[in-house]
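Me: I'm new to reading protein structures, and the whole thing at once is a bit much. Could you pick apart one piece with me, slowly, and show me how it fits with its surroundings?

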Amino acid sequence: VQYHGQAYGGEFVRVFITGITGPVGSALADYLVALPGVEVHAFKRWRSDTRPIAHLAGRITLHEGDIEDPYSVMRAVERAAPDRVYHLAAQSYPSESWDAPIVTMRTNVEGTINVLEAVRRHAPRARVHLAGTSAEYGWVQPEDTPIPETHPTRPLSPYGVSKVAAGLSGLQYAANYGMHVVVTRSFNHVGPHQGDRCAIQTFCRQMALIEYDRQEPVIYVGNLEARRDFTHTRDVARALWLLLDHGAPGEIYNLCSGVATRIGDIVAMVQQHGRVPTEVRVDPARLRPSDEPLLVGDNTKLRQTTGWQPQITVPMIVEELMAYWRER
Ligand code: A2R
């Protein structure tokens, strides 16, 4: 690992990231390697697809293991001796969590406890971030939006339940052991290396396929009227860094833009970017049995604590992801 320039705030900082191969982890690693004096360590499975971080070879240190294996987590944290820990590894798909509730609980709850225990033993003064989700809030009425952190958690998926338990475990470690644990609840984050499950990704991917003549000129969509809160993973990465600078231990922060965008408007943006004319067709398989009309978070606490503001708007996200999918 090589360092260049001045250290961050006059000190070198060792950071340990789990979930490095995901869209948030890889964006965070990109953000951190550009900061002076920050040394990046990361945890990955032997079978992880490392393409999202291939360009960082030689600039970050990788530790092998599995978040469900406490010994591997313990060893990696001991070796990395971090000042900051970002725990992003998770089974993060709500839909999968109904099919595999036990694996979801193991990965997300046991995995988080494994990280907390490893930090307690080997890096007790480290600042720890745990990644939660808006799915912890469960069904939200439009009149309850923008959702503040104080909104009750009534998750409607094993995924949401697992993240409530993981976040509460973090708060419990903060209370019992005086550890510096900060929890976020992310609304929809979107960026490169995400796959095509998220609405914006599937529309951009379909448009790229249509341009290459690999799909008929029809964009298949789900509920066009739903409105969601999107934040680019580069903005998420900056928020996570600032939050371990300024966030209070034992606190929960919504991580979101605070702006709702109608899915139908995103489809229209994608069509505008397309190089060929397209038609839009509702695919009943893409309609979810339960789908909130409006999901938008209140990010006041995060903004007031850190001074963070999202910089990347939805039209900018669409433009970047169109270019991304054309290269796939
Ligand atoms: O699937 P892999 O091997 O590429 O690694 C994924 C990692 N992961 C694990 N790492 C170690 N041991 C495990 N048993 C294990 N299971 C999963 O977590 C990948 O690097 C990461 C998950 O990436 P995504 O599902 O794409 O998460 P994303 O969108 O980056 O979200 C980050 C966090 C998650 O905790 C979400 O639940 C939260 O933000 O909203």
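What follows is a close look at helix α8 and the elements around it.

Reply: Happy to. One thing to keep in mind from the start: this is a predicted model.

Let's get our bearings before zooming in. The protein has 328 residues, and 45% of them count as buried. Its secondary structure comes to 10 helices and 14 strands. If you trace the C-alpha atoms along the principal axes, they span about 55 × 45 × 40 Å. The radius of gyration is 20 Å, which agrees with the value near 20 Å for a compact globule with 328 residues. The chain also folds back on itself a lot: of the contacts between residues at least 6 apart in sequence, 80% join residues at least 24 apart.

Now to your helix. α8 runs over residues 263–273, and Ile 266, Val 267 and Val 270 are buried in it. Look down the helix axis and those buried residues fall within an arc of 100 degrees, so they line one face of the helix. How can residues that aren't next-door neighbours share a face? An α-helix has 3.6 residues a turn, so residues three or four places apart point the same way.

What does that buried face pack against? The list is α6, β8, β12, β13 and α10, so let's use it as our map. α10, by the way, covers residues 314–327.

Before we leave the helix, what about Met 269? It lies in α8 too, but Met 269 is partly exposed: it has 19 other C-beta atoms within 10 Å, and buried takes 20 or more. Leaving aside residues up to four places away in sequence, Met 269 touches Pro 315 and Val 318. For a sense of distance, try Ser 95: its C-alpha atom is 27 Å from that of Met 269, and the two residues are 174 places apart along the chain.

Next stop on the map is β8, residues 218–221. Its side chains take turns: Ile 219 and Val 221 point to one face and are buried, while Val 218 and Tyr 220 point to the other and are not. β8 is joined by four bridges to β13 (residues 279–282), and the two strands run parallel. If you want one spot to click on, find Val 221, which stands opposite Val 282 in β13. So both β8 and β13 are on the list of elements that the buried residues of α8 pack against.

How does the chain arrive at β8? Through a loop that follows α6 (199–211), and Asp 213 sits in that loop. Asp 213 is a bit of an oddity: its phi is positive, about 65 degrees, although it is not a glycine. Most residues other than glycine have a negative phi, and most peptide bonds are trans. Is Asp 213 buried or exposed? It counts as exposed, because there are 9 C-beta neighbours inside 10 Å.

That leaves β12, another packing partner of α8's buried residues. It belongs to an open sheet of three strands, ordered β12-β9-β14, with mixed pairing. β12 (261–262) and β14 (294–295) are the edge strands, each pairing on one side only. β9, residues 227–228, pairs with β14 in the parallel sense over two bridges, and there the bridge partner of Arg 228 is Leu 295.

To see the one-face idea once more, compare α2. Its buried residues are Val 73, Ala 76, Val 77 and Ala 80. They fall within an arc of 95 degrees seen down the axis of α2, so they line one face of that helix. Their packing partners are β1, β2, β3 and α4. After α2 comes Ala 81, in the loop that leads to β4, and Ala 81 has a positive phi of about 45 degrees without being a glycine. With 12 C-beta neighbours inside 10 Å, Ala 81 counts as exposed.

So, back to where we began: α8 keeps Ile 266, Val 267 and Val 270 buried, and its buried residues pack against two helices, α6 and α10, and the strands β8, β12 and β13.

Note on methods
Residues numbered from 1 in each chain as written. Predicted model: local features only at pLDDT ≥ 70, side-chain atom pairs only at ≥ 80, totals over all residues. Pairing = 2+ DSSP bridges. Arc of directions from axis to C-beta. Contact = placed C-beta atoms within 7 Å. Rg over C-alpha atoms; globule rule 2.2 N^0.38 Å.
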